[in-house]
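Trainee: Could you take me slowly through one part of this model, the surroundings of the bound ligand, and then show me how the strands beside that part are arranged?

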Amino acid sequence: MKIIACYSNKGGVGKTATAVNLAYAFAKAGARVLLCDLDPQGASGFYFRMKPSKRLLDEAFFKDVERFAKAIRGSDFDNLDILPANLTFRDFDIYLSRMKHGNARLGKSLKGVASDYDIVLLDCPPNISMLAENVFQAADHIIVPVIPTTLSERTFEQLLDFIDEQAKSDRKKIVAFFSMVQKQKTLHVETMARMRDTYPERFISAEVPFSTDIERMGTHRAPVATFAAARPSAKAYDDVYRELREHMDKEGK
Ligand SMILES: Nc1ncnc2c1ncn2[C@@H]1O[C@H](COP(=O)(O)OP(=O)(O)O)[C@@H](O)[C@H]1O
Ligand SMILES: [Mg+2]
């Protein structure tokens, strides 16, 4: 089982769109996939027509493999299960920080379902906190959508620093790609060139364009490949999927 986190320290960059489309791509290719919606807003669950769970998260939830497994739901797609958001995930940080070895807890509960899944995707909320440390420890790979604006450069640098210094994790886990790209904007083109230059190892070549097809996922409540497979944004997410697979093979993970 491999754990892939969709993460950014910024909101609204396309983490959820990425989690949803990658989960679908892995499942379609035959992998058994669990998508965990760790954002209390429950957006990735929404795209798969799930309601956030009202089940209260208490200290036992991530410790008790049986309860964790019971909260998992099937989706409309083969090989693709969802752990719906829990409305109390927003208190998850506090709860983790209270616990000893809190930052290994998520990894432990995921190990409990390791034989049931090949790929676990984590759709994360946008913060650097205890949850982020947890995620960085547990994840084999961290996929980071980056909108190519000036502010993103700083944010990305902060993320790398955080991984090195606080999470004591490995930069090599980071697989970044440009999201919501508008090639007609000079700023986007220049920022992408500069960031590719500064972080040649971290960015894959796939670029997801700014596209109404992705926005329409909200009305279809489905991955883009299910209703607009031939469109550029669906192809771009397929490229992200394929490059991520290559990266995983290369890393031997
Ligand atoms: N490539 C894209 N083109 C246009 N809109 C996008 C794209 N990716 C995401 N969006 C839209 O931007 C908003 C934020 O995306 P989302 O995936 O929810 O980001 P995050 O999870 O990082 O907050 C959503 O309304 C989504 O439909
Ligand atoms: Mg989100």
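Mentor: What follows goes from the ligand outwards to the sheet. Please keep in mind throughout that this is a predicted model. The space that ligand 1 takes up is the largest pocket, and of the 14 residues around ligand 1, those that come nearest are G12, K15, T16, A17 and S211. Backbone atoms deserve a careful look here, since a backbone N or O atom of G12 lies 2.8 Å from an oxygen atom of ligand 1, while for T16 the corresponding distance from a backbone N or O atom to a ligand oxygen is 2.9 Å, and for V13 it is 3.0 Å. Taken on its own, ligand 1 has 550 Å² of accessible area, of which the protein covers 79%.

If you sort the shell around ligand 1 by class, you find seven nonpolar, five polar and two charged residues. At least two residues of this shell are supplied by each of α1 (15-28), β8 (203-209) and α9 (212-215), and the largest share, three residues, comes from α1.

Strand β8 leads us on to the sheet, which is open, has eight strands with mixed pairing, and follows the order β3-β4-β2-β5-β1-β6-β7-β8. Because β8 and β3 (73-74) stand at the edges with a single partner strand each, one side of each is left without a neighbour in the sheet. Further inside that order, β2 (residues 33-37) and β5 (residues 119-123) run parallel and are joined by five bridges, and V33 stands opposite I119 in β5.

Note on methods:
Residues numbered from 1 in each chain as written. Chains lettered and ligands numbered in written order. Predicted model: local features only at pLDDT ≥ 70, side-chain atom pairs only at ≥ 80, totals over all residues. Heavy atoms only, no water. Near = heavy atom within 4 Å. Polar contact = N/O pair within 3.5 Å; in protein donor to acceptor, adjacent residues only side chain to side chain. Areas by Shrake-Rupley, 256 points an atom, 1.4 Å probe, with all protein chains shown as cover. 1 Å grid on protein atoms, 1.4 Å probe; cavity = no way out; pocket = protein on both sides within 12 Å on 5 of 7 lines; lining within 4 Å. Sits in = over half its atoms within 2 Å of the grid points. Helix = DSSP H or I, 4+ residues; strand = E, 2+ residues; numbered from the N terminus. Nonpolar A, V, L, I, M, F, W, Y, C, P; charged D, E, K, R; others polar. Pairing = 2+ DSSP bridges.
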